[in-house]
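Welcome! Here is a short guided tour to read alongside the sequence and the 3D view. Take it one topic at a time.

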Amino acid sequence: RSEWFKGNKCLDIGCNAGFLTMSMAYKFKCASMLGIDCDAALIAQARRVKKGIRWPSSSLSSSSEQSGSATAQNASGSAATKVYFSQQDFVQACPPEPETPMYDTITCLSVSKWV
């Protein structure tokens, strides 16, 4: 459902190489998307893919590449989506529940294969 993502801060737990993470962020026009995975090699691959990806009607600015974010513009060229990747073990790094939610939408699509 696009309303779960559009304009929202999103988290993808177990993002692997980031293909689905970037696709969701672009297709559903997330305000931001953080993909995390405990595998350092997969996060490195996701960052490499992010640098080389070119979406229709999108651009990667040199300043966003330096800061570690991919910027994808929607078809009208407005509101940019920021995609980030980080190596983390969500279970080990999960802080106590904050007073205000850090993310509007959380996915863990690739994690289900381990359950």
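**A first look**

T105 is buried, with a relative accessible area of 12%. This is a predicted model, and T105 makes a handy starting point: its place is in strand β5, which covers residues 105-107. From there, the tour moves out to the whole chain and then to a few spots worth finding on screen.

**Who T105 meets**

- Setting aside neighbours within four places in sequence, T105 is in contact with W4, F5, N8, K9, C10 and L11.
- One of these partners, F5, is itself buried, with a relative accessible area of 7%.

**The chain as a whole**

- The protein chain has four helices and five strands.
- If you walk along the sequence, these elements come in the pattern β-α-β-α-α-β-β-α-β.
- The protein chain has 115 residues, and 34% of them are buried.
- Among contacts in the protein chain with a separation of 6 or more, 60% are between residues 24 or more positions apart.
- The accessible surface of the protein chain is about 7,100 Å², and carbon and sulfur atoms account for 56% of that surface.

**Strands β1 and β2**

- β1 and β2 pair in the parallel sense, over five bridges.
- To find a spot in this pairing, look for I13, which stands opposite I36 in β2.
- Six of the six residues of β2 are buried, so β2 is largely enclosed by the rest of the structure.
- S32, L34 and I36 point one way from β2, while M33, G35 and D37 point the other way, and all are buried.

**Helix α1**

- Helix α1 spans residues 19-27, and its buried residues are T21, M22, M24 and A25.
- These buried residues cover an arc of only 160 degrees around the axis, which puts them on the same side of α1.
- Just after α1 comes K29, which takes a positive phi of about 55 degrees.

**The loops on either side of α1**

- A17 has its place in the loop between β1 and α1, and A17 is buried, with a relative accessible area of 8%.
- Leaving out neighbours within four places in sequence, A17 is in contact with M22, L42, Q45 and A46.
- A17 and L42 are 25 residues apart along the chain, yet their C-alpha atoms are separated by 4.9 Å.
- N16 also lies in the loop between β1 and α1, and N16 is partly exposed, with a relative accessible area of 23%.
- N16 is not a glycine, although its phi is positive, at about 55 degrees.
- K29 lies in the loop between α1 and β2 and is partly exposed, with a relative accessible area of 34%.
- Like N16, K29 has a positive phi of about 55 degrees although it is not a glycine.

**An aromatic pair**

- A search of the whole structure finds one aromatic pair.
- The rings of F5 and F28 have their centres 5.0 Å apart and their planes at 20 degrees; planes under 30 degrees apart count as stacked, so this pair is stacked.
- The pair links distant parts of the chain: F5 is in the segment before β1 (9-13), F28 is in the loop between α1 and β2 (32-37), and the two are 23 residues apart.

**The cysteines**

- How many disulfides are there? The count comes to zero, with a cut-off of 2.5 Å between the sulfur atoms.
- C15 is in no disulfide, and its nearest cysteine sulfur, that of C38, is 9.8 Å away.
- C15 counts as buried, at 5% relative accessibility.
- C30 is in no disulfide either, and its nearest cysteine sulfur, that of C10, is 3.5 Å away.
- C30 counts as buried too, at 1% relative accessibility.
- C10 also appears among the contacts of T105, which brings the tour back to where it began.

How values were computed: Residues numbered from 1 in each chain as written. Predicted model: local features only at pLDDT ≥ 70, side-chain atom pairs only at ≥ 80, totals over all residues. Heavy atoms only, no water. Buried < 20%, exposed > 50% of the residue type's maximum accessible area, 1.4 Å probe, protein only. Contact = heavy atoms within 4.5 Å. Areas by Shrake-Rupley, 256 points an atom, 1.4 Å probe, with all protein chains shown as cover. Arc of directions from axis to C-beta. Phe/Tyr/Trp six-rings, centres within 6.5 Å; stacked < 30°, edge-to-face > 60°. Pairing = 2+ DSSP bridges.
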